[in-house]
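Okay, thanks for coming, everyone. I'll put the structure up, and then we'll walk through a few spots together.

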Amino acid sequence: MTRTDHAARIESLLGAMTLDEKIGQLNMLTADLAVTGPGMPADYMAELKKGRLGSMLNLFGAPLMRQVQKAAVEETRLGIPLFFGFDVVHGHRTVFPIPLAEAGAFDPALWEKTARIAAVEAAADGLTLTFAPMLDVSRDPRWGRISESAGEDPWLTARLAEAKVRGFQGADLAAADAVAATAKHFAGYGAVMAGREYAQVDVSERTFHEVYLPPFRAAVGAGTAAIMPAFNDLAGIPLTAHRGLLRDLLRQRWGFEGVLISDYNAIAELIAHGVAADLVEAAALALKAGVDIDMMATAYTCGLPAALERGLVAMADIDACVRRVLALKAALGLFDDPYRMKAPAMTPERMAEHRAVAREAARRSIVLLQNRNDRLPVAAPPPRVAVLGPLADVADEMLGPWSGAGRGEEMVSYAAGLRAAWPASRIDVAKGVEAEGGDAGGIAPALDLARAADLVVLCLGELRFMSGEAGSRAKPGLPGLQPELARAVLDLGKPAVVLLSSGRPLMAPWLFERAEAVLACWYLGSEAGHAVADVVTGRWNPSARLAVTWPVDAGQIPIFYARLPTGRPLDPAFRYSSKYLDMPNEPLFPFGHGLSYTRFAYSNLRVSPATLRAGGALAIEVDVANAGAMAGEETVLLFVRDPVASVSRPVLELKGVAKAFLRPGETRTVRLSLACDALAVLDGALAPRLEPGTIEIFVGPAARADALLEAAVAIAA
Ligand code: NOJ
């Protein structure tokens with residue numbers, strides 16, 4: 001059916017709908033989430049049959065959904081199908097690494113591939129929309145949702161946005177294996193004050209436009225079907241009611257024609273924000289801002305009829321929302337195939353292929369933070385291994401904060417992965433301590449195992465719900481008695497490797513002083529244990545990088561590489577320079593940090609032409625050599641700096657990434673390209689403007705001055 005046919009169908013439906021039915025299309029309710037799986041509450045079923053429900057969230061499992069869809073199609077007056085949304089954030093049944101980890105692969109092709117698989121599995125489970133990708137630039141590790149983000153960089157997050165939207169939606173939303181993407185949370189949520197969940201946001205307009213908006217612009221450019229306004233306010237205006245951003249910017253300036261779906265209960269929370277007196281006002285504010293779907297606040301069903309009567313909204317406002325919701329359903333092909341009967345079945349062979357990708361994604365997300373004395377890899381199986389710590393053998397924890405339809409028992413724990421890699425080794429497992437709490441009773445027996453072992457693998461970190469939504473931590477270090485366990489084990493002086501699981505950079509500088517080798521394992525998903533074993537044994541040479549700066553201490557937060565220069569740069573000999581009295585300025589590990597088992601050497605940076613003009617592009621070449629003994633993948637980062645501009649510019653800004661896979665001794669020329677227009681600066685009116693003058697170009701592995709090669713180019717007047 002063509003777009004025109006759909007438009008005609010939508011108009012004729014609209015003409016036939018009662019007010020109740022119209023508002024029903026804007027109403028999204030959640031399934032019951034029982035331990036045994038989702039269920040459809042009876043009262044919602046009754047609402048559905050009256051045409052007072054347009055979409056569901058958290059309902060998955062094809063048989064149940066077919067039954068609910070049947071009620072919508074066959075038992076409502078107009079037979080309009082529902083769509084079904086779910087948080088498929090890092091995988092559905094096959095669980096991939098958390099976004100913060102996967103971002104560290106710096107690889108759009110991988111990001112797209114995992115989103116595609118997630119979509120295929122979700123669609124097979126009856127789902128038609130995912131509340132992903134999450135695109136909140138996050139520069140505060142106290143905020144638990146940093147785990148769901150691609151980290152601190154707007155350029156990298158924008159590339160992830162495009163890849164994820166492409167992966168989820170595929171070439172055609174109506175295909176039976178496509179799901180609609182929802183770019184969230186629009187916008188600025190990553191800047192919640194002091195990292196506290198659901199707190200206020202107050203950033204400058206410039207930072208908002210330069211840092212927080214670009215990923216959403218990229219998602220709109222990639223055709224995201226939906227966008228979710230954030231819970232937070234921005235300088236006093238909750239995003240759920242933000243006309244300037246939702247209507248004027250998103251819809252009018254950016255031309256976004258898709259659906260705006262509120263966050264959970266967010267419309268009702270406009271009352272708590274102090275901008276609406278009751279549900280009627282709240283509903284009117286959100287609707288006027290252009291929020292099409294009310295997730296779980298029932299503000300539209302309860303408030304819109306009265307808002308109409310009071311003249312706070314017009315029927316045309318409601319109709320505009322209904323049109324967009326019906327257009328999404330049409331684009332998803334739901335009017336033609338409400339049950340999405342053609343969704344491919346998830347055969348065991350197919351699931352095995354998905355797991356192979358999960359293993360690839362997981363090992364490409366593990367960051368080798370530290371490797372003193374070349375402790376890793378452990379090439380020969382040690383006769384006896386002690387796998388210790390609260391995360392040593394807990395498959396369930398590998399799921400991470402958003403588990404989709406993942407099942408804990410299907411995840412591979414670290415101990416299970418090491419057992420599979422070293423079948424002839426004796427592998428002893430002990431927690432030593434719980435992740436939280438004060439019981440030290442298990443430390444002594446764990447130490448006995450460590451003493452008897454040839455290798456200790458110490459599995460420390462956070463449990464999965466210590467990050468993610470509502471997972472803010474004021475002191476994001478190692479919780480409970482884990483420091484005691486770690487110190488005691490590492491003091492034995494045995495060969496030891498630390499596997500750190502977390503949804504954020506964890507602040508435990510003492511650990512890095514004592515441990516020779518530390519791997520950031522985040523939450524790696526279904527194949528966690530196998531992927532870790534691949535890296536520990538050297539079957540995979542670690543290649544991931546930090547997509548977020550790793551602070552020494554929470555006192556340095558917010559800390560990120562793209563800071564502005566100060567008039568008083570750090571000078572240890574000068575008191576009145578920008579520094580702390582009790583802490584270094586530098587992080588423990590910079591953005592882009594991540595070691596390899598080999599060594600890469602950069603040389604011969606060339607840029608051309610020497611002078612750039614609007615519309616032109618810079619060609620950048622650099623020679624990268626593998627100067628070590630193992631083949632490996634190097635990620636080459638391209639940064640720029642505008643040293644003199646009308647406004648102060650960041651000391652470094654990421655503008656490009658390239659990859660090189662090199663055998664030992666091999667050298668390759670890596671090529672990058674940079675569009676001149678990408679160097680524009682936002683002027684006083686926040687419009688992009690190219691400013692003539694010098695641009696410094698930096699190429700290297702990380703945002704660390706001493707690791708970068710430098711060149712310069714001029715922008716012509
Ligand atoms: C609240 C979260 O903020 C949002 O990211 C999520 O999509 C919804 N709940 C639905 O689960």
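So, a residue counts as near the ligand if one of its heavy atoms lies within 4 Å of it. Keep in mind that this is a predicted model.

Let's start with the ligand, then. Which residues are around it? We've got Leu57, Asp87, Phe131, Arg145, Lys184, His185, Met228, Phe231, Asp263, Tyr264, Met295 and Glu469. If you sort that shell by type, you get six nonpolar, one polar and five charged.

Now the polar contacts. Asp87 has a side-chain N or O atom 2.4 Å from an oxygen atom of the ligand. For Asp263, a polar side-chain atom sits 2.5 Å from a ligand oxygen. And His185 has a side-chain N or O atom at 2.7 Å from an oxygen atom of the ligand. As for coverage, the ligand has 300 Å² of accessible area on its own, and the protein covers 94% of that.

Okay, on to the cysteines. How many disulfides does a search of the whole structure find? Zero. As a reminder, a disulfide is a covalent bond between the sulfur atoms of two cysteines. Take Cys302: the closest cysteine sulfur is in Cys321, and at 17 Å that's too far for a bond. Then there's Cys459, also in no disulfide, where the nearest cysteine sulfur belongs to Cys521, 7.9 Å away. The cut-off here is 2.5 Å between the sulfurs. And is Cys459 buried or exposed? It's buried, because its relative accessibility is 0%.

Next stop, Asn371. You'll find Asn371 in strand 13, which runs over residues 367-371. Asn371 counts as buried because its relative accessible area is 13%, and the cut-off for that is under 20%. What does its side chain reach at 2.8 Å? That would be the backbone nitrogen of Leu376. If we leave aside neighbours within four places in sequence, Asn371 is in contact with Leu376, Glu516, Ala517, Leu595 and Tyr597.

Last one, Ala362. This residue lies in helix 15, residues 348-363. Ala362 has a relative accessible area of 0%, so we call it buried. Again skipping the neighbours within four places in sequence, Ala362 is in contact with Pro97, Leu524 and Ala531. And have a look at Asp534 while you're there: Ala362 and Asp534 are 172 residues apart along the chain, and their C-alpha atoms are separated by 9.9 Å.

That's my tour, over to you.

Terms used
Residues numbered from 1 in each chain as written. Predicted model: local features only at pLDDT ≥ 70, side-chain atom pairs only at ≥ 80, totals over all residues. Heavy atoms only, no water. Helix = DSSP H or I, 4+ residues; strand = E, 2+ residues; numbered from the N terminus. Buried < 20%, exposed > 50% of the residue type's maximum accessible area, 1.4 Å probe, protein only. Polar contact = N/O pair within 3.5 Å; in protein donor to acceptor, adjacent residues only side chain to side chain. Contact = heavy atoms within 4.5 Å. Areas by Shrake-Rupley, 256 points an atom, 1.4 Å probe, with all protein chains shown as cover. Nonpolar A, V, L, I, M, F, W, Y, C, P; charged D, E, K, R; others polar.
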